[in-house]
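These are my notebook entries on a chain that I looked up part by part. I began at a hairpin and worked back towards the metal site and the membrane annotations.

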Amino acid sequence: MKKNNWPTHSILVIAIVATWIKTYVVYHTSFDLKIENMMQQVILFISPLSFLLFVYGLSLFFKSPKARNRYIVITNAVLTIILYANAVFYRFFTDFITLPVLFQTSNFGDLGSSAMESIYFTDIFFFTDVVFLIIALKWLKIGDKISVVKSTTRRAYFVFAAAVLFLNLGLAEIERPQLLTRSFDREMLVKNLGPYNYHLYDIYIQSKSHAQRALADGSELVEVNNYVRSNQAEPNAEMFGLADGRNLIVVSMESLQNFVINNDMNGYEVTPFLNSLTKDKDTFYFSNFYHQTGLGKTSDSEFIVENSLYGLGGGAVFFTHGGNKFHSMAESLNEKGYYTNVMHPNNKSFWNRDMMYQALSIQKFYDVNSYVVNEGDAVNWGMKDIPFFEQSVDHMAQMPQPFYSRLITLTNHHPFDLDEEDQLIPPYNSNSRTLNKYFQSARYMDEALKSFFEDLKAQGLYDNSIIVMYGDHYGISENHNAAMAQYLGKEITPYESAKLQRVPFFVHIPNSGVGKEVTETAGQIDIRPTVLHLLGIETAKDMQLGADVFSEDHEDFVVFRNGDFVTDKLVFAGNACYDNETGLQIDIGSCEPYIERAAQELGYSDQIINGDLLRFYDLKTGNLLIDEAEKEEQ
Ligand code: GP9
Ligand code: MN
């Protein structure tokens, strides 16, 4: 037998290094990860390490060399299988595996017969390190010895592993602030956390949702249903069906706040096209309309529009509850014979859209792969709005009609960078570069919208469509209050901050002649019933928390995701009550009844989502399927 001079824990080091290198190689060979700078490269490199240190480090607890070696080989094999499964999945879906897809068999329908085709002979190399470890153990006898590890040494080892994890998270936080709470892109998670930590994180998120769902009691729906029914708003007879049968085009205007509308910046009009619509005979312009999003930002606004429910308080519902049952606006329109789709030139896994859109019954997602992004056509977060609209209209021209297309713009996104040729007005002059650029970027979006309308006309799609546009959420956060105060010429109190959450909302119905400014206090949650009624679709049975803005019964009451609210008379923000007219602080007593109502409404929405309660609701009949709930419970 060969003499073995290898230090006792060599096999541990070899396993870590081999898996680490393999993972890093797989990053570059099997996944198409966009690496934009050196820092991202560094994060990518160290990202698998912390997990590997932990998982292989458990081998330090073993006393027999045989058991220890077996543990290391099995761990290595399992990690290899996880990595390989992701690589094969990626060949199909350009996405990483998330727990729910393993249970969504429909996804694998596509896989079936062609699965074999996506397995290559060269995939053997995925298992190189497994073979290598076995050789090291069996023939080189590297793992034959073991010595009891002192608990102080072990502790030092795990402290080191933890330090690597925190270094990793710290760098990721610098590179992608709020990665774990906000930026829910699977690709970003994998890039920043490594594939193994990503799976742990995914399991955590999914099991939390799963547990809440399992604990939910279908009878909770009784109270929610009573609330929804008692707040029902009857459609306005004159408006109902006004746009019957037309195509529905919904545009999400990235980060557009209402303060730029009909306003100028150092003498430059910021949104000339939208300003013209505020006075247009075919356009309803809602000037007291609020976004209601939380951490899920754009995705929250999508969620609110599709479901007329609130997003969640603690994260992006698109990410945490993509497996729920929903009754979306798309579903109602599918039933009416519409071809439903979303157009957004970004990575499809961003905000978990690819999964969520299935849950929302959206028939087709035109993601970045449906667009040709030529040299010079991208800036900031991706494809510029003008070419995006242009190619989207080309897609629309090919669609069966009527269609429902929801378009999500991207250029007017923080940090609001623009190419020189797209800067149609000069920047503002405050101490906030963000605000300074915001005006230019909003000006560009306005230009893009104008060309969008022209494209629609040129393709003959304009007259038979209704175009709905809304700002998705704020673009200028409270960090820029000083600059905002300079621009608006007044101090930004909590009252002003709340009023700054107004986003423009337009409903443009070509050749209708009924347009006007609507000053009702309303919010994104009202979009769905308002629009469906215009298309002549009843919503009386929908489990929704919004109401048709044109209805006599519509209440001037908008709830923010944090529990603040606005009515036509009051504003509740920063724990204080204000007179909506004057902005003066008033006795909290005036706000109290609404504070409760706001909490109640958010609570009902959370209950529906966390308990996945719509699985107990029959949309056709409006019946609660409580018996089914009880059956499921048993
Ligand atoms: C990403 C885009 C922007 O695809 O929708 O997301 P946001 O950061 O605004 O939520
Ligand atoms: Mn957005």
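Which residue takes a positive phi in the hairpin of β17 and β18? I looked it up in the predicted model and found G574, with a phi near 55°. Two residues lie between the strands of that hairpin.

**Entry 1: the hairpins of β17, β18 and β19.** I followed β17 (residues 570–573) into β18 (residues 576–579) and found an antiparallel pair joined by four bridges. F572 stands opposite C577 in β18. I then went on to β19 (residues 585–586), which is joined to β18 by two bridges, again antiparallel. In this pair Y578 stands opposite Q585. The hairpin of β18 and β19 has five residues between its strands, and G583 in the turn has a positive phi of about 80°.

**Entry 2: the eight-stranded sheet.** I turned next to an open sheet with mixed pairing, whose strand order I noted as β7-β6-β10-β1-β11-β12-β4-β13. Its edge strands, each pairing on one side only, are β7 (364–366) and β13 (516–518). From one strand to the next the twist averages 15°. Within the sheet, β6 (residues 339–343) runs parallel to β10 (residues 403–408) over five bridges, and N341 stands opposite S405.

**Entry 3: strand β11.** How many residues of β11 are buried? I found seven of the seven buried, so the strand is largely enclosed by the rest of the structure. S465, I467, M469 and G471 point one way, whereas I466, V468 and Y470 point the other way. I recalled that side chains alternate between the two faces of the sheet in a regular strand. On one pairing, β11 runs parallel to β1 over seven bridges, with I249 opposite I467. On another, β11 is antiparallel to β12 over four bridges, with M469 opposite F506.

**Entry 4: helices across the sheet.** I checked two helices against these strands. α12 lies across β1 (247–253), β10 and β11, and runs at about 155° to β10. α20 (residues 527–534) lies across β1, β11 and β12 (505–508), at about 170° to β11.

**Entry 5: the manganese ion.** Which residues supply the protein donors of the manganese ion (ligand 2)? I listed E254, which appears twice through OE, together with T298 (OG1), D472 (OD) and H473 (NE2), at 2.1 to 2.3 Å from the ion. The arrangement is irregular because the six donor atoms subtend angles of 57 to 166°. Along the chain I read the spacing of the donors as E-x43-T-x173-D-H. T298 lies in helix α12 (residues 297–307) and H473 in the loop between β11 (465–471) and α18 (481–488), so the pair ties together parts that are 175 residues apart in sequence. I noted that T298 and H473 are both buried.

**Entry 6: record annotations.** I consulted the unreviewed UniProt entry, which places "domain: Sulfatase N-terminal" at residues 246–537. In the model that span is 33% helix and 17% strand, and its end C-alpha atoms lie 12 Å apart. The same record places "transmembrane region" at residues 12–30, 42–62, 71–93, 118–137 and 157–174. I examined two of these stretches. Residues 42–62 are 67% helix and 0% strand, with the end C-alpha atoms 33 Å apart. Residues 118–137 are 50% helix and 0% strand, with the end C-alpha atoms 32 Å apart.

Note on methods
Residues numbered from 1 in each chain as written. Chains lettered and ligands numbered in written order. Predicted model: local features only at pLDDT ≥ 70, side-chain atom pairs only at ≥ 80, totals over all residues. Heavy atoms only, no water. UniProt positions renumbered as here; feature names shortened; annotations may be inferred. Donors = N, O, S within 2.8 Å, 3.2 Å for Na, K, Ca; no water. Tetrahedral: all angles 85-135°; square planar, octahedral: opposite > 155°, others 65-115°. Buried < 20%, exposed > 50% of the residue type's maximum accessible area, 1.4 Å probe, protein only. Pairing = 2+ DSSP bridges. Axes fitted to C-alpha atoms, helices over the stretch in contact; angles between N-to-C directions. Contact = heavy atoms within 4.5 Å.
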